[in-house]
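Colleague: Please take one part of this model and walk me through it closely, starting from a single charged residue and following its neighbourhood outwards. I would like one connected account, with the confidence of the model kept in view.

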Amino acid sequence: MSEKILVNLIMSPCIRHYLYSCPSINSYGCIQPPWIQEMESVFGEPPSTTLASSSSDQFNFQDSQSVSPKVADNEFSLTHIGDAGEAQMVDISSKEISKRVAIASCKVILGQKVFDLISANQMAKGDVLSVAKIAGISGAKHTSNLIPLCHNINLTHVRVDLKLNSMDYSLDIEGEAASTGKTGVEMEAMTAVTVAGLTVYDMCKAASKDIQITDVRLVRKTGGKCGDWSREK
């Protein structure tokens, strides 16, 4: 019998009526036509969906238990969060003393009007760059008062440099903090450039409210348990 004749026979109204007539209820409580009953009599009943689901769930559960040892050991956990989820200050008493340096940067988008006023030192509040530089240094020294869980550390050096960029009428700010101690100075460096940027805005807001402080970021750091780190450009 050719395939075409077989297909036509299966699709004939008589055969289709037989296949889907006289449905019965199987052992799972589902309605099924008689042709399924005949197949089950030859091949046996299909496996239990409940058992398969249970096996799948058991596999997923076991798979979820095989967590990376690094995660299980909290190697990448947030150190400022306690076992009960509460905020905490990290105990650094067991850490070794080493020289630590961090450099951060940010950009202040001024616009041409404010850029020209700063360049000519004609802003009503005075020398914007000099005041912002001092503000950034002072901000680094007060980081632990601004960021509640930061340690109060002894800084050995703070540097804040501001450079006008005529290409896009902006101001590039770079800050550096250094210390010889048990914890890093990344926050001090980023606080320095942030406070310097805010000072620029404060001194220039009368000329423009459109000034933007952007791209506050850590550029690189050295020292400490994690070693050296540098942002890829």
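**Around strand β5**

Modeller: D172 is partly exposed, its relative accessible area being 26%. Before I follow its contacts, I should say that this is a predicted model, with a chain average pLDDT of 79 and 66% of the residues scoring at least 70. Two stretches call for caution: residues 49-56 stay under a pLDDT of 50 and have zero contacts in the model beyond four places in sequence, while residues 58-74 are also below 50 and have three contacts beyond near neighbours in sequence.

Returning to D172, its side chain meets that of K107 in a salt bridge, with 2.9 Å from N to O. This pair links distant parts of the chain, since K107 sits in strand β3 (residues 98-109) and D172 in strand β5, with their positions 65 residues apart in sequence. K107 has a relative accessibility of 18% and therefore counts as buried, the limit being under 20%, whereas D172, at 26%, falls in the partly exposed class.

A second salt bridge involving strand β5 is formed by E174 and R159, whose closest N and O atoms are 3.1 Å apart. Here, too, distant parts of the chain are linked, with E174 in strand β5 and R159 in strand β4, 15 residues apart. R159 counts as buried at a relative accessibility of 19%, and E174 counts as partly exposed at 30%. Both residues belong to a network of salt bridges that also takes in K133, D161 and E176. In the structure as a whole there are nine salt bridges. Another of them joins the side chains of D215 and R217 at 3.4 Å, N to O; D215 is partly exposed with a relative accessible area of 42%, and R217 is likewise classed as partly exposed, at 34%.

The loop that precedes strand β5 brings in a contact of another kind, for the structure holds one aromatic pair. The ring centres of F115 and Y169 are 5.5 Å apart and the ring planes stand at 75°, so the arrangement is edge-to-face, the angle being over the 60 degrees that this class requires. Because F115 lies in helix α6 (residues 112-119) and Y169 in the loop between β4 (155-165) and β5 (170-181), the pair ties together parts that are 54 residues apart in sequence. F115 is buried, with 8% relative accessible area, while Y169 is partly exposed at 30%.

Strand β3, the partner of D172 through K107, can be followed at two further positions. V108 has its place in this strand and is buried, with a relative accessible area of 0%. Leaving aside residues up to four places away in sequence, V108 touches S170, L171, I173, G197, V200, I211, Q212 and I213. The C-alpha atoms of V108 and T194 are 9.8 Å apart in space, although 86 residues separate them in sequence. K99, found in the β3 strand as well, counts as exposed at a relative accessibility of 59%. Its contacts, again not counting residues up to four places away in sequence, are with S179, T180, T222 and G223. The C-alpha atoms of K99 and T180 are separated by 4.2 Å, while the two residues are 81 places apart along the chain.

Strand β3 also leads to the largest pocket, which has a volume of about 1000 Å³. Its lining comprises 32 residues, and T79, K95, T183, G184 and E186 are those that lie nearest its centre. At least two lining residues come from each of β3, α9 (186-204) and β6 (212-222), and the largest share, four residues, is supplied by α9.

Taken together, the picture from D172 outwards is one in which strand β5 is joined by a salt bridge to β3 and by another to β4, while the loop between β4 and β5 is tied to helix α6 through the aromatic pair.

Methods. Residues numbered from 1 in each chain as written. Predicted model: local features only at pLDDT ≥ 70, side-chain atom pairs only at ≥ 80, totals over all residues. Heavy atoms only, no water. pLDDT = per-residue confidence, 0-100. Contact = heavy atoms within 4.5 Å. Phe/Tyr/Trp six-rings, centres within 6.5 Å; stacked < 30°, edge-to-face > 60°. Buried < 20%, exposed > 50% of the residue type's maximum accessible area, 1.4 Å probe, protein only. Salt bridge = Lys/Arg side-chain N within 4 Å of Asp/Glu carboxyl O. 1 Å grid on protein atoms, 1.4 Å probe; cavity = no way out; pocket = protein on both sides within 12 Å on 5 of 7 lines; lining within 4 Å. Points joined across faces, edges and corners; volume = space filled by probe spheres on them.
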